[in-house]
Amino acid sequence: MDELGRFRDRREAGVRLGEALRERGLAERDDVLVLALPRGGVPVGAEVARVLGAPLDVLVVRKLGVPGQEELAMGAIAGGAVVRNEEVLRSLDIDAAELAEVVRREADELRRRERVYRGARAAVDVSEKEVVLVDDGLATGSTMRAALKCLKTQNPRALVVAVPVAAASTCAELRGEGDADACVCLMTPEPFRAVGLWYADFGQTTDDEVRELLGALRESG
């Protein structure tokens, strides 16, 4: 951590998060799997996987941006699961056709990214696993909800959301709604404002870095 109480970078955040999960008894177990949300969650997830001695894979999630205001999320998609932000859809009067077009476009991009990250390798089987779902932080939590909705259909034994920093209200909602069996968050600062404010280095993670991190962990066993 730096003098302002921020993580130096995603890798330091991942080491600290991995240590917190080790204390919860998740290290050196055959039934634990780490899934990271690309791209920013992968450097965090790679360190978590190293600390826990667990395999790492990616779960690609795409935000559904409002047409013309793409930074505003009206939902998210992961696998075949779509999570809708009903408040945004209602307030902007977005009709079913507009939503369906964005879902189609983002589903195409999701499949492209899966090919880039995995190549021909199949996704890891999560059945009967304790899945640790990692990102570099949580703001509204819409992408994480889509990931959880997708995974619930695949018969995991437990789903643990793990992030270095998050809005306190989002963590509370995830716990209260029962989307996750546990939510581990190292910091819930107030005011929160944005994930990137809590990292000294919050540079963009590239596709090449994602591939390198996944490949390095596979080669190390």
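Here are some questions and answers about the fold of this predicted model.

Q: What is the mean pLDDT of the protein?
A: Since this is a predicted model, let's start with confidence. Of the protein's residues, 99% reach 70 or more. The mean pLDDT of the protein is 91.

Q: In which element is confidence lowest?
A: Confidence isn't even along the chain, so it helps to know that where pLDDT is low, the predicted coordinates should not be read in detail. At the top end sits H1, with a mean of 98. The lowest mean in the protein is 84, and that belongs to E5.

Q: Are H1 and H2 roughly parallel or oblique to each other?
A: Two packed helices are described by the angle between their axes and the distance between the axes. For H1 (residues 10-23) and H2 (residues 41-52), the axes are 7 Å apart and the angle is about 40°. Angles under 35 degrees would count as roughly parallel. That angle therefore makes H1, relative to H2, oblique.

Q: How many residues of the contact of H1 with H2 are nonpolar?
A: On the H1 side, the contact includes Val 15, Leu 17 and Leu 21, and on the H2 side Val 44, Val 48 and Leu 52 are among the residues met. The contact also has 2 polar and 5 charged residues. The nonpolar count is 8.

Q: Which strands are the edge strands of the sheet with the order E3-E4-E5?
A: This is an open sheet of 3 strands, with antiparallel pairing. An edge strand pairs on one side only. Here, the edge strands are E3 (61-66) and E5 (81-84).

Q: How many bridges join E3 to E4?
A: These two strands run antiparallel, and one pair to look for is Val 66 standing opposite Gln 69 in E4. They make a hairpin with 2 residues between the strands, where Gly 68 takes a positive phi near 85°. The number of bridges joining E3 to E4 is 6.

Q: Which residue in the turn between E4 and E5 has a positive phi?
A: E4 (residues 69-78) and E5 run antiparallel, joined by 4 bridges. Ala 78 has Ala 81 as its bridge partner, and Ile 77 has Val 82. The hairpin leaves 2 residues between the strands, and the one in the turn with a positive phi, about 60°, is Gly 79.

Q: Which helix packs on the sheet with its direction at about 15° to that of E4?
A: H4 (residues 96-118) packs on this sheet, touching E3, E4 and E5, but its direction is described against E3, at about 150°. The other helix to check covers residues 142-152, and it touches E3, E4 and E5 too. With a direction about 15° from that of E4, the helix is H5.

Q: Are H5 and H6 roughly parallel or oblique to each other?
A: The axes of H5 and H6 (residues 168-177) come within 11 Å and cross at roughly 20°. Angles under 35 degrees count as roughly parallel. So H5 and H6 are, relative to each other, roughly parallel.

Q: How many charged residues does the contact of H5 with H6 have?
A: From H5 come Met 144, Arg 145 and Leu 148, and they meet Glu 173, Leu 174 and Glu 177 in H6. Sorted by class, there are 3 nonpolar residues and no polar ones. The charged count is 3.

Q: Which strands are the edge strands of the sheet of 5 strands?
A: Reading across this open sheet, the order is E2-E1-E6-E7-E8, with parallel pairing. Inside it, E6 (residues 130-134) and E7 (residues 158-165) pair over 5 bridges, and Val 134 stands opposite Ala 162 in E7. The strands that pair on one side only are E2 (56-58) and E8 (182-187).

Q: Which residue is joined to Glu 190 by a cis peptide bond?
A: Cis bonds are worth spotting because most peptide bonds are trans. One cis bond joins Pro 38 and Arg 39, with omega about 0°. The one at Glu 190 has omega of about -5°, and the partner is Pro 191.

Q: Where does Glu 28 lie?
A: Most residues other than glycine have a negative phi. Glu 28 has a positive phi of about 55° although it is not a glycine. Glu 28 lies in the loop between H1 and E1.

Definitions and conventions: Residues numbered from 1 in each chain as written. Predicted model: local features only at pLDDT ≥ 70, side-chain atom pairs only at ≥ 80, totals over all residues. Heavy atoms only, no water. Axes fitted to C-alpha atoms, helices over the stretch in contact; angles between N-to-C directions. Parallel < 35°, antiparallel > 145°, perpendicular 65-115°, else oblique. Contact = heavy atoms within 4.5 Å. Nonpolar A, V, L, I, M, F, W, Y, C, P; charged D, E, K, R; others polar. Pairing = 2+ DSSP bridges. pLDDT = per-residue confidence, 0-100.
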